[in-house]
Amino acid sequence: MCGIVGYTGTQAAAPVLLSGLSKLEYRGYDSAGIAVLNEGKIGLAKVKGKIANLMELTDSGKNVPGFAGIGHTRWATHGAPTDVNAHPHISSDGRFAIVHNGIIENFAVLRDELTAKGYEFLSDTDTEVVAHLIEMYYTGNFKAAVMKAVSRLEGSYALGIVCTDEPETVFAVREKSPLILGAGIGENFFASDVTALVAYTKNAIYLEDGEFAEVKPDGITVYDAAGREITKPISRITWDIEAAEKGGYDHFMLKEIMEQPRAVQATIDPRIKNGRIHLDDFEMDSAEFKNINKIVITACGSASYAGQAGRYAIEKLCRIPVTVELASELRYADPLIDEHTLLIVLSQSGETADTIAAMKECKERGARVLSIVNVVGSTIARLSDDTLYTWAGPEIAVATTKGYTTQLILLYLFAIYAADKLGRIDSAEYDRLLSEIRKIPNLLQRTIDMNHDVPALAKKYYTHNDVYFIGRNTDYAACMEGALKLKEISYVHAEAYAAGELKHGTIALIETGTPVVALCLNEALAEKTMSNIIEVKARGAEVIALAFKGNTEIIKKADDIVYIPRTEPLFADVLAVLPLQLFAYYVAKERGCDIDKPKNLAKSVTVE
Ligand code: F6R
C-alpha cells in the first residue's frame with residue numbers, strides 16, 4: 001500500500017526522501033514522487049514505476065534541491081498508475097504539495113464543489129481534492145487551513161503537506177492510516193512505518209487518529225483534532241537498519257524464512273519464566289475464562305490461516321468453541337458476539353483495514369480483544385484491550401513467513417495458558433507442552449537443515465499451473481498457508497483441500513502429472529490421508545508428501561517426500577509450513593517472479 005515520508009532539517013531533503021521511499025518499497029506501489037521546498041517554490045518529481053525511475057529522473061535527488069519535503073509511493077486506487085496520478089499533488093496556486101495514504105470517501109462531492117468554484121483537477125485521484133481544499137481555506141495560517149480542510153474529509157488518510165510560505169515546515173496528519181514521527185537532532189522526519197526512519201533516528205512518536213503534527217528542524221509540535229498542543233511520549237525503536245536489509249540473501253523472503261528459528265525464539269523467550277507462561281500484561285483468571293463461552297479469531301490472508309492452525313490447538317486443549325472468521329466477512333456479518341466472547345485478532349502489520357473494522361465491530365458488541373501483532377504501536381495494537389507482540393522484527397517481503405510462524409507460537413502459548421486456567425490440563429501435561437514449545441526454535445533450524453532438496457523439487461514441478469494441497473485437521477490448516485504462499489509469489493494456481501473433501505468434487509481435476517502436496521503429520525489421521533494419496537495417485541497425480549522424519553510407510557506411497565523433525569503433533573504446523581514456504585520461494589524463482597514484490601499485492605492492506 002502507499003507509503004509516505006517527510007523530512008525537514010539540514011541535509012538535502014531529496015536523497016533522504018528517496019532513501020526512505022526505498023525502504024517502503026516492500027509495501028507495494030506502482031508510482032512514486034517527491035516534492036521539496038526550495039526558494040519559495042516546490043520542486044516536484046514524480047513518475048510511474050519503480051523508485052529507480054524516480055532516482056534516474058532526479059539524478060538521485062540532486063536536481064530537486066532544498067531541505068524540507070515529502071515523498072510518496074502510490075498503490076493505485078483512484079485512477080490508473082500514471083505519472084499524473086502519482087503523488088505529490090499540487091494546489092492550483094502552486095503553494096501546497098500533498099501526499100496521501102488511504103481513501104477520501106467523499107472526494108466526489110468535494111471535487112464537484114471545488115470544480116464549481118473554478119479549481120481545475122489534473123489527476124483522477126481522490127487526493128487532489130485535499131490540495132485544493134487547503135488552498136481554498138488558506139488565509140495565511142498553514143495550520144488553520146490544514147485543520148479546516150481535514151475537517152471536510154471522510155475516510156482514511158495519512159497526509160504529508162508542505163507550503164511554500166513556510167519553507168522549513170512539513171505537516172503530518174493521521175486518520176485511520178499509519179503515520180509515525182521520527183525525532184532527530186536538528187532534523188525531523190515522518191513515515192508510514194519505522195523502516196523508513198530507522199537509518200536516521202530510533203526515536204519514534206506514534207500519532208493517534210485525529211492528531212496532526214507540525215514538523216520543523218528544531219522540533220515537533222503535536223496537536224489533537226481540536227488543534228490543542230499535546231505532549232506525546234517518545235518510543236525507542238528496538239531494532240536497527242540491518243534488520244531491514246537483505247544481509248546477503250537474494251530476497252527478503254528467503255532471509256525471513258531463514259530467520260524463523262531466531263524470530264520464534266524471540267517470541268518465546270519473554271513468555272516463559274520459571275517454567276510458567278507469562279503473556280505480558282494479558283491476565284485472565286479462571287473465573288474470567290469460565291465466563292467466556294467462545295473464542296473468535298479474526299484476521300485476513302495468512303494471518304487467518306495461522307488462526308485456523310491455532311484454533312485446533314485451543315479447542316483441543318481448552319475445550320472452548322473457537323471459530324476463525326475472515327475479517328472482511330466478519331465486519332459485515334452482524335456477528336453474534338457479546339461480552340462472553342474473547343476476540344483474538346491476528347495481524348503482522350497491525351494496520352489491515354478489514355481487520356481493524358472487524359475488531360471495532362466486535363468491540364462495540366462487548367468482546368474483550370486480545371491482539372497478536374508484529375508492528376509495535378500499530379493501530380490494532382493500540383485499539384486492543386491487550387496486545388502480544390510477536391517480536392519477529394521487520395518483515396519486508398510482501399508474503400509473510402516469520403509473521404505467520406510467530407503468530408502460531410503465541411496461539412500455542414495462549415492455548416496452554418488458557419487450558420491451565422480452565423483446569424483442562426494437569427501440571428504434567430502443562431510442563432510437557434511447554435518443553436515441546438521450547439524445542440521449536442531448534443527444530444525449525446533442523447527443518448531448514450533437512451530441506452536442502454527443496455530447490456530440486458521446485459525445479460521438478462515449477463512448470464505446472466495447478467497444484468493441490470491436501471491434509472486433515474492441523475495438516476489442512478498448513479495446506480491453506482502452503483497454497484497461498486505458492487499462489488501469491490509464483491502465480492501458480494494452488495488450492496488447499498481438506499483431504500476428505502476431495503472425493504466431493506475436486507478429485508475430478510486430478511490428471512496425469514498433477515502435483516498434489518499431501519501433509520501426513522497428523523498421525524492419528526494418517527491412514528485416512530494415505531487413502532486419499534492412493535486415490536489421487538490412481539488418477540495420475542504426482543504426490544509430494546510431507547511427513548515426520550522416520551515415517552517409512554510414506555515412502556511406498558509418494559513420489560517425493562519432504563521430511564520435518566518430529567514434534568508435538570498439535571504444534572506441527574509451525575514446522576510444516578517452512579518447507580512449504582521454501583517450495584513456493586524456489587518455484588517462484590524458477591518462474592522468474594518478482595518474489596519480494598509480487599504483482600498486484602501490497603504488504604499492508606490499509607484500504608478495504
Ligand atoms: C500473505 C500475506 C497476507 C497477509 C494479510 C494480512 O503472505 O502476507 O495474506 O497475511 O494481508 O496482513 P496482516 O497480517 O498484516 O494483517
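Helices, as the term is used here, are DSSP runs of type H or I with at least four residues, numbered from the N terminus. In this predicted model, two such elements, α9 (301-318) and α16 (474-490), each contribute at least two residues to the shell around the ligand.

**Domains and the ligand shell**

The chain divides into domain 1 (3-244), domain 2 (252-448) and domain 3 (454-590), and the centres of domain 1 and domain 3, taken over C-alpha atoms, are separated by 46 Å. From each of domain 2 (252-448) and domain 3 (454-590), the shell around the ligand draws at least three residues. In total, 14 residues surround the ligand, and the closest of these are S347, Q348, S349, T352 and E488. By residue class, the shell is made up of five nonpolar, seven polar and two charged residues. The space that the ligand takes is the largest pocket.

**Polar contacts with the ligand**

Among the contacts to oxygen atoms of the ligand are two that involve side chains, from S347 and T352, and one that involves the backbone of V398. The distances are set out below.

| Residue | Protein atom | Distance to a ligand oxygen atom |
|---|---|---|
| S347 | polar side-chain atom | 2.6 Å |
| T352 | side-chain N or O atom | 2.5 Å |
| V398 | backbone N or O atom | 3.4 Å |

Taken alone, the ligand exposes 410 Å², and the protein buries 90% of that area. The size of an interface is often expressed in this way, as the accessible area lost when the parts come together.

**Backbone geometry in two loops**

Two residues deserve a separate note for their backbone geometry. H87 and P88 are joined by a cis peptide bond, with omega at about 0°, and P88 is found in the loop that runs between β4 (68-74) and β5 (89-90). E39, although it is not a glycine, has a positive phi of about 50°, and this residue E39 is located in the loop between β2 (31-38) and β3 (41-48).

Technical notes
Residues numbered from 1 in each chain as written. Predicted model: local features only at pLDDT ≥ 70, side-chain atom pairs only at ≥ 80, totals over all residues. Heavy atoms only, no water. Near = heavy atom within 4 Å. Polar contact = N/O pair within 3.5 Å; in protein donor to acceptor, adjacent residues only side chain to side chain. Areas by Shrake-Rupley, 256 points an atom, 1.4 Å probe, with all protein chains shown as cover. 1 Å grid on protein atoms, 1.4 Å probe; cavity = no way out; pocket = protein on both sides within 12 Å on 5 of 7 lines; lining within 4 Å. Sits in = over half its atoms within 2 Å of the grid points. Nonpolar A, V, L, I, M, F, W, Y, C, P; charged D, E, K, R; others polar. Domains from an automatic or database assignment.
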